[in-house]
Amino acid sequence: MVNSVMFPGGARVPALGMGTWALGDSAERRTQEIASLRLGLDLGLRVVDTAEMYGAGRSERLVGEAIAGRRDEVFLVTKVLPSNASRAGVAASCRASLRRLGTDRIDLYLLHWRGAVPLGETIGAFERLKREGLIGAWGVSNFDVGDLDDLARVASPDPCAANQILYSLDYRGVEFDLLEADRRRSIVTMAYSPLGQGGDLLHQPVLERIADRHETSLGPATPAQVALAWVLRQPGMLAIPKAGSPQHQRENVAATELVLTSEDLAAIDRSIPPPRRKVPLAMI
Ligand code: NDP
């Protein structure tokens with residue numbers, strides 16, 4: 001059963017969402033990518049994460065196609081680039097994203113990472129979009145503890161709803177302080193690249209050993225499912241793996257059935273130790 005996560009505004013969503021970076025980049029894969037997102041919705045997922053940056057709009061267009069006729073089933077997240085984060089830039093970017101997504105509202109609009117535009121100006125622009133009904137909530141991405149402190153000094157009627165950050169077994173540094181800093185402010189942490197982008201992480205012997213001890217309704221567990229279940233073990237965490245095929249989407253949903261034992265978690269800690277000191281937030 002997928003846990004749920006509540007945003008400060010009261011919206012509740014399943015803790016497993018769907019990433020879409022690089023979706024739409026290949027004509028050959030397009031049909032299965034759309035099928036993957038639709039299957040995710042069929043299986044009860046709600047959060048779809050995209051960005052104006054991904055494929056220069058191709059990801060948003062593909063998402064628009066995948067969710068056509070099903071908008072109400074989706075909690076739609078997209079992001080504005082820091083280079084577009086001025087008052088006028090945010091307004092223009094949001095409208096362009098809405099057009100590509102084929103919808104009249106974005107549920108959560110994020111600043112993709114911090115740039116040169118003062119935070120107060122960007123947040124002011126987000127608040128305006130909210131008053132106009134174009135977005136439901138706003139948040140940030142790639143913000144470390146100091147950035148959150150700076151953000152807290154910006155007066156705003158609505159709280160920051162989310163901080164989307166790199167969190168996986170490859171990048172545990174945020175466990176030292178950032179996860180707690182988000183929680184303290186009731187900011188939902190969204191874990192991006194939770195599968196280590198499908199790279200070496202999925203061949204870690206410790207994950208293979210743990211996978212051998214577990215099953216899901218689909219059969220023997222896989223290292224990817226263990227990696228995902230490990231991220232999702234954090235209370236209040238929303239993970240957004242990208243599955244480019246229905247098979248991977250199904251496996252990711254089944255990963256929510258896994259309950260890692262204290263023995264599993266201890267084995268992981270021995271192989272990939274948690275941080276003992278501050279590690280600056282990494283970004284992909
Ligand atoms: P992920 O960690 O989600 O890894 C995606 C890779 O894992 C793909 O190669 C995918 O292959 C593979 N994969 C997916 N499911 C499985 C499975 N069950 N078993 C084995 N392999 C699997 O990396 P992403 O970088 O895509 O991160 C997820 C999302 O986070 C992005 O898509 C994006 O939405 C967001 N993001 C946000 C960033 C930010 O700055 N805010 C930065 C980076 C990502 P296949 O495609 O074949 O399914």
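**Exercise 1. Which residues does G19 touch, not counting residues up to four places away in sequence?**

Work from the predicted model shown above, and begin by placing G19 in its element of secondary structure before listing what surrounds it.

Solution. Step one is to locate the residue: G19 is part of strand β3, which covers residues 18-19. Step two is to list the contacts, and once residues up to four places away in sequence are set aside, G19 touches D49, Y192, I240, P241 and K242. Step three concerns burial: a residue counts as buried if 20 or more other C-beta atoms lie within 10 Å of its own, and because G19 has 27 such neighbours, it is classed as buried. Finally, G19 can be related to the ligand, since G19 is listed among the closest residues of the shell, together with W21, G198, A224 and G244.

**Exercise 2. Describe the shell around the ligand by number, class and source.**

Solution. Begin with the count, which is 28 residues surrounding the ligand. Next, sort these residues by class, which gives 10 nonpolar, 15 polar and 3 charged residues. Then ask which element supplies the largest share of the shell: this is helix α9, residues 246-254, with 3 residues.

**Exercise 3. Determine how α1 and α9 are arranged relative to each other, and name the residues that form their contact.**

Solution. The first step is to read the geometry, in which the two helices pack at an angle of about 25° and their axes lie 8 Å apart. The second step applies the cut-off, by which angles under 35 degrees count as roughly parallel, and α1 and α9 are therefore roughly parallel to each other. The third step adds handedness, the crossing of α1 past α9 being right-handed. The residues that make this contact are Q32, A35, S36, L39 and G40 on the α1 side, and P246, H248, Q249 and R250 on the α9 side. Sorted by class, this contact comprises 3 nonpolar, 5 polar and 1 charged residues.

A further residue of α1 can be examined in the same way, namely L41, which lies in this helix. L41 has 17 C-beta neighbours inside 10 Å and so counts as partly exposed. Its contacts, leaving out residues up to four places away in sequence, are with R70, E73 and V74.

**Exercise 4. Is helix α2 mostly covered or mostly uncovered, and what lies against it?**

Solution. Start from the burial count: 7 of the 10 residues of α2, which spans residues 58-67, are buried, and the helix is mostly covered. The buried residues are S59, E60, L62, V63, G64, A66 and I67. Turning to what covers them, the elements include α1 (30-42), β4 (47-49), β5 (75-80) and α3 (87-101).

Now take α3 from that list and work out its packing, noting that the axes of α2 and α3 come within 7 Å and cross at roughly 45°. This angle makes α2 oblique to α3. In the contact, E60, R61, V63 and G64 of α2 meet S97, R100 and L101 of α3, and by class these are 2 nonpolar, 2 polar and 3 charged residues. To finish, follow the chain just beyond α2, where G69 takes a positive phi of about 80°.

**Exercise 5. Work out the relative orientation of α7 and α8, and the composition of their contact.**

Solution. The axes of α7 (residues 205-212) and α8 (residues 223-232) come within 8 Å and cross at roughly 95°. The two helices are therefore roughly perpendicular to each other. Their contact is built from L207, E208, I210 and A211 of α7 with P223, Q225, V226 and A227 of α8. By class, the contact contains 6 nonpolar, 1 polar and 1 charged residues.

**Exercise 6. For N142 and Q197, state the backbone phi, the location and the degree of burial.**

Solution. Taking N142 to begin with, its phi is near 60°, a positive value in a residue other than glycine. N142 lies in the loop that links β7 (135-141) to α5 (145-152), and because it has 21 C-beta neighbours inside 10 Å, N142 counts as buried. Turning to Q197, which is not a glycine either, phi is again positive, at about 55°. Q197 is found in the loop between β9 (188-192) and α7, and with 18 other C-beta atoms within 10 Å, Q197 is partly exposed.

Key
Residues numbered from 1 in each chain as written. Predicted model: local features only at pLDDT ≥ 70, side-chain atom pairs only at ≥ 80, totals over all residues. Near = placed C-beta within 6 Å. Helix = DSSP H or I, 4+ residues; strand = E, 2+ residues; numbered from the N terminus. Nonpolar A, V, L, I, M, F, W, Y, C, P; charged D, E, K, R; others polar. Buried ≥ 20, exposed ≤ 12 C-beta atoms within 10 Å, placed from the backbone. Contact = placed C-beta atoms within 7 Å. Axes fitted to C-alpha atoms, helices over the stretch in contact; angles between N-to-C directions. Parallel < 35°, antiparallel > 145°, perpendicular 65-115°, else oblique. Left-handed = near helix turned anticlockwise from the far one by under 90°.
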